[in-house]
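Subject: Structure for you to look through

Dear colleague,

Below I am handing over the structure that I promised, together with its sequence. Please keep it open while you read, since the notes that follow are meant to be checked against it.

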Amino acid sequence: NSKIKKKAKTTLITLFKYTKKWGRINMMFWRWLVMFGINAWLMGYYWTHPVRIAAVMLLEIAAILITNPRKKDWIWVGLMGMLAPVVDLIVVPGGGWTYPATFFAGIPVWLPFGYIVYGLIVRRLVDDFPKMGVKK
């Protein structure tokens, strides 16, 4: 347990050192990281309101695509929105896990939007790493 805490602390300190050097990129990196955490919190605490979660995630997708457009974003949206939930469509009915407040085949309505948001955020984090001096 203490090893995990030490590793997490070291990782956060390293991330801060990398991002501290780069000004605007620093803010972009932390914005994506905070957005990632807010989505996890949203899904964790508001799972009983699936339509609200879906609406918030749709707004997030629109905000990301408008404020920080990247080439081929629509390919990512399509891949994450269609292919990622396929895993859940196979595993959930098979008894791998369950979701409360489901919509179709044991899948909540917000799940494809969650995959899209996380796909767009992770893409931006990975794309911004080389700008901060972090090698892929």
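I begin with one pair of charged side chains: Asp 73 forms a salt bridge with Arg 123, and their closest N and O atoms lie 2.6 Å apart. This pair links distant parts of the chain, as Asp 73 sits in helix H4 and Arg 123 in helix H6, with their positions 50 residues apart. Asp 73 counts as buried because its relative accessible area is 3%, and Arg 123 is likewise buried, with a value of 12%.

Please bear in mind that this is a predicted model. The mean pLDDT of the protein is 78, and 78% of the residues score at least 70. The confidence is lowest in helix H1 (residues 2–20), where the mean is 64, and highest in helix H3 (residues 50–67), where the mean is 89. Where pLDDT is low, the predicted coordinates should not be read in detail.

Returning to the charged side chains, Arg 123 also meets Asp 127 in a salt bridge, with an N to O distance of 3.6 Å. These two residues are four apart in helix H6, so about one helical turn separates them. Asp 127 in turn forms a salt bridge with Arg 70, at 3.3 Å from N to O. Here again distant parts of the chain are linked, for Asp 127 belongs to helix H6 while Arg 70 lies in the loop between H3 and helix H4 (73–82), 57 residues apart. Arg 70 is buried, because its relative accessibility of 18% falls under the 20% cut-off, whereas Asp 127, at 26%, is partly exposed. If you step back from the single pairs, you will find that Arg 70, Asp 73, Arg 123, Arg 124 and Asp 127 are linked in a network of salt bridges; the count of salt bridges comes to four.

A polar residue elsewhere also deserves your attention. Asn 39 is found in helix H2 (residues 24–45), and it counts as buried because its relative accessibility is 0%. Its side chain is joined to that of Glu 60 by a polar contact of 3.0 Å. Leaving aside residues up to four places away in sequence, Asn 39 touches Met 57, Glu 60, Val 117, Tyr 118 and Ile 121.

On the surface, you can look for a nonpolar patch formed by Val 86, Leu 89, Ile 90, Phe 103 and Phe 104, which together have about 540 Å² of accessible area. One of its members, Phe 104, is found in the loop between helix H5 (84–91) and helix H6 (111–128). Phe 104 counts as exposed because its relative accessibility is 55%, and the cut-off for that word is over 50%.

Finally, here is the overall picture. The protein has six helices and zero strands, and buried residues make up 32% of its 136 residues. Among the contacts with a separation of 6 or more, 69% are between residues 24 or more positions apart. The protein exposes about 9100 Å², and carbon and sulfur atoms supply 72% of that area.

With best wishes

Terms used:
Residues are numbered from 1 along each chain as its sequence is written. This is a predicted model: local features need pLDDT of at least 70, side-chain atom pairs count only at pLDDT 80 or more; totals for chains, interfaces and linings use all residues. Side-chain values use heavy atoms; hydrogens and water are left out. pLDDT is the predictor's confidence in each residue, from 0 to 100. Patches are made of residues with over 30% relative accessible area and no salt bridge: like charges are joined within 9 Å, nonpolar side chains (Val, Leu, Ile, Met, Phe, Trp, Tyr) within 5 Å. Accessible areas come from the Shrake-Rupley method with a 1.4 Å probe; for residues, only the protein chains shown count as cover. Buried means under 20% relative accessible area, exposed over 50%, partly exposed in between (1.4 Å probe, protein chains only). A polar contact is a pair of N or O atoms within 3.5 Å; within protein, one must be able to donate a hydrogen and the other to accept it, and residues adjacent in sequence count only if both atoms are side-chain atoms. Contact means heavy atoms within 4.5 Å.
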